[in-house]
Amino acid sequence: MPTLLATRPPPPNKSYSPRGACVSLLTDQSPEVLISGAAGTGKSLACLWKLHVCCQNRPHVRALIIRKTRASLTESGLVTFERHVLPVIPTGAG
């Protein structure tokens, strides 16, 4: 059975090499997955990457990103999503 990451290429201009529990998170097809680990180990990045790939593979899907507080979402989660997951869209000149 193909893994989730193998169904579509990564976003343009971005690369990601998950390690440890993050590899399991990205390939697991269970309805719910729980991972834990120390701060800075890439758990949020893996979740955001998986969400992005799922949305690319299923047009018209609705997705929700939730964190305990709005501040932690806008100051951390969305910054990570924009910097490390979303493709870079070049601005056209002329």
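Me: What pattern does the protein follow when read along the sequence?
Reply: In this predicted model, the pattern along the sequence is α-α-α. The secondary structure comes to three helices and zero strands.

Me: How much confidence does the predictor attach to the model, and where is the pLDDT below 50?
Reply: The average pLDDT of the protein is 80, and 81% of the residues score at least 70. Over residues 1-7 the pLDDT is below 50; beyond near neighbours in sequence, this stretch has 13 contacts in the model. Where pLDDT is low, predicted coordinates should not be read in detail.

Me: What makes helix 2 close to its expected span?
Reply: Helix 2 has 15 residues, for which 21 Å is expected at 1.5 Å a residue. The reach from its first C-alpha to its last is 21 Å, close to that expectation.

Me: Which residues of helix 2 are buried, and against what do they pack?
Reply: The buried residues are Leu45, Ala46, Leu48, Trp49, Lys50, His52 and Val53. They pack against helix 1 (21-27) and helix 3 (70-84).

Me: Why is Lys50 called buried?
Reply: Buried means under 20% relative accessible area. Lys50 has a relative accessible area of 14%, and is therefore buried. Lys50 lies in helix 2, and its C-alpha is separated by 5.9 Å from that of Leu26, 24 residues apart along the chain.

Me: Which residues make up the largest nonpolar core, and what joins such a set?
Reply: The core has seven residues: Leu26, Leu45, Leu48, Trp49, Val53, Phe81 and Val85. Helix 2 (residues 43-57) contributes the largest share, four residues. Members of such a core are buried and joined through side-chain atoms within 4.5 Å. In soluble globular proteins, nonpolar side chains tend to be buried together.

Me: What does Leu48 touch, not counting residues up to four places away in sequence?
Reply: Leu48, a member of the core, touches Ile65, Gly77, Thr80, Phe81 and Val85 on that count.

Me: How do you know that there are zero disulfides?
Reply: A disulfide requires a pair of cysteine sulfur atoms within 2.5 Å, and a search of the whole structure finds zero such pairs. For Cys54, the nearest cysteine sulfur is that of Cys55, 6.9 Å away, and Cys54 is in no disulfide. For Cys47, the closest cysteine sulfur is in Cys22, at 7.5 Å, which is too far for a bond.

Me: Why are Cys47 and Cys54 called partly exposed?
Reply: Partly exposed lies between the buried limit, under 20%, and the exposed limit, over 50%. Cys47 has a relative accessible area of 39% and is therefore partly exposed. Cys54, at 22%, also counts as partly exposed.

Me: Why is His60 called exposed, and where is its place?
Reply: Exposed means over 50% relative accessible area. His60 is at 81% and therefore counts as exposed. Its place is in the loop between helix 2 and helix 3.

Me: What makes the phi of His60 notable?
Reply: Most residues other than glycine have a negative phi. The phi of His60 is near 70°, a positive value in a residue other than glycine.

Me: How many of the residues count as buried, and what supplies the exposed area?
Reply: Of the 94 residues, 18% count as buried. The protein exposes about 7,100 Å², with carbon and sulfur atoms supplying 57% of it.

Terms used
Residues are numbered from 1 along each chain as its sequence is written. Side-chain values use heavy atoms; hydrogens and water are left out. Buried means under 20% relative accessible area, exposed over 50%, partly exposed in between (1.4 Å probe, protein chains only). Helices (H or I, at least four residues) and strands (E, at least two) are DSSP runs, numbered from the N terminus. Contact means heavy atoms within 4.5 Å. Accessible areas come from the Shrake-Rupley method with a 1.4 Å probe; for residues, only the protein chains shown count as cover. The expected span of a helix is 1.5 Å times one less than its number of residues. pLDDT is the predictor's confidence in each residue, from 0 to 100.
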